[in-house]
Amino acid sequence: MSCINGKDRVNDQQNKRCKQNVIAANGYADYLQLDKLLDSQTMLSKQNGRVSYDEHLFIVTHQAYELWFKQILFEMDIVCKLLSANLWNNEHEMFNILKRLGRISSIIKLLLEHFGVLETMTPYDFAEFRDYLKPASGFQSLQFRMIESKLGLKKENRVSCCKSYTDCFSAKKYDELERTSAEPSLFTLVCHWLESTPMLKDNIVWDQYRRAADHWLEGSIESDISCLEKRRKLMDSVFKCDQHKRLVEQGNRTFSHMALKGAIIVYAYRHEKGYALANRILESLVDIDTLLSKWRYSHFVMVHKMIGSYSSGTGGTSGSEYLRSTLCDSYRIFIDLINLPALIIPAIYIPPLIKSQGK
């Protein structure tokens, strides 16, 4: 028995030494594959014998963008997986979603700061190596297109351009983008989640809310009749399914009627137990949507500063004018959540929940 134990001790010591050797062989640089990563900045301006040192900054910054895009996609995949399950009775997973959405927001904020670093390069510095980029362009970023698709941006809502979004990619990358587009988007999953809002199941809470809205409108003191009528029309579009459907068909709303009702209930009763977390998730989605709009605007401003209004993009687009055209509501994925405050009645009119209904 002691002999066996002795062999075991020898084996344990050998295993420990093997593990130590593995750790030694896979230290910081090996673990992060720094040799590969830090050897990936090839300045094409060197080919002309006149190196443009700002090209190095340009390459590093855009590589950093792509690394962070990869992390955003990683976080989005987890969020989509969690949203596919029934969340209403699982606070732990709702906290997990909230954490990951917050992380995505933090990454986009960091990406916004990258523009400040790029703008330490003057338009004249950029002009020194810009021709070497052709036909490469940020327009060709597969990961950014995947982020847009995973969020829920539809092909028909993209701004038409002189180049197709899919012509930029190889067959393999095109298939990857198509696969991503075919998966349920974050937008779709959020809609399904809101449609299953517990307080909507028996219609009692919604009916109370609708009556409270009528009471608010009847008691409104509005000197401008046209403003009052506009408010009534807006509230009708909330409570009348056919009017909401018409707005969706016109492209002025994106949520299903049931999802919109769920979002209104979550927002209106955000201080009630079980709905505070849900409301914070909705706020996080608005933050991400808003930050992406800021990113698009900052991108446009920087490119406009670097190449002006009349120069084409290196990838064949219309350059800054193309970027300007993406600053529109069709690129806002959660526009209904952004517009939600206009659809909510004042807090003093919101009826209290009956305890048995507020579960």
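On this tour, two residues are in contact when they have heavy atoms within 4.5 Å of each other. Keep in mind that you're looking at a predicted model.

**Stop 1: V51**

Start by selecting V51, which sits in the loop between α3 (34–38) and α4 (54–83). Which residues does V51 touch, leaving aside its neighbours within four places in sequence? Show M43, S45 and K46, and you have the set. Is V51 buried or exposed? Neither, quite: its relative accessibility is 27%, so it counts as partly exposed, since that class covers the range between under 20% (buried) and over 50% (exposed). Now add F129 to the selection. F129 is 78 residues from V51 in sequence, yet the two C-alpha atoms are 8.5 Å apart in space.

**Stop 2: the whole chain**

Zoom out and switch to cartoon. You should find 16 helices and 0 strands. The protein has 359 residues, and 41% of them count as buried. Take the contacts with a sequence separation of 6 or more: 75% of them join residues 24 or more positions apart. If you turn on the surface, you're looking at about 20600 Å² of accessible area, with 54% of it belonging to carbon and sulfur atoms.

**Stop 3: inside, at W193 and F255**

Next, go into the largest nonpolar core, a set of 93 residues. Which of its members touch the most others? Select W193 and F255. Then colour helix α14 (residues 276–307), which supplies the largest share of this core, with 15 residues. Nonpolar side chains tend to be buried together in soluble globular proteins.

Stay on F255 and bring up its surroundings. Not counting residues up to four places away in sequence, F255 touches F187, V190, C191, L194, H244, V248, L260, A263, F334, D336 and L337.

**Stop 4: a patch on the outside**

Back to the surface: select Y28, Y31 and L32, which make a nonpolar patch of about 410 Å². Y31 belongs to helix α2 (residues 28–31). With a relative accessible area of 66%, Y31 is exposed, because the cut-off for that label is over 50%.

**Stop 5: the cysteines**

Finish with C227 and C328. C227 is partly exposed, at 37% relative accessible area, and C328 is partly exposed too, at 27%. How many disulfides does the model have? The count is 0, which means that no pair of cysteine sulfur atoms lies within 2.5 Å.

Conventions. Residues are numbered from 1 along each chain as its sequence is written. This is a predicted model: local features need pLDDT of at least 70, side-chain atom pairs count only at pLDDT 80 or more; totals for chains, interfaces and linings use all residues. Side-chain values use heavy atoms; hydrogens and water are left out. Patches are made of residues with over 30% relative accessible area and no salt bridge: like charges are joined within 9 Å, nonpolar side chains (Val, Leu, Ile, Met, Phe, Trp, Tyr) within 5 Å. Accessible areas come from the Shrake-Rupley method with a 1.4 Å probe; for residues, only the protein chains shown count as cover. A salt bridge is a side-chain nitrogen of Lys or Arg within 4 Å of a carboxyl oxygen of Asp or Glu. Helices (H or I, at least four residues) and strands (E, at least two) are DSSP runs, numbered from the N terminus. Buried means under 20% relative accessible area, exposed over 50%, partly exposed in between (1.4 Å probe, protein chains only). A nonpolar core is a set of buried Ala, Val, Leu, Ile, Met, Phe, Trp, Tyr and Cys residues joined through side-chain atoms within 4.5 Å.
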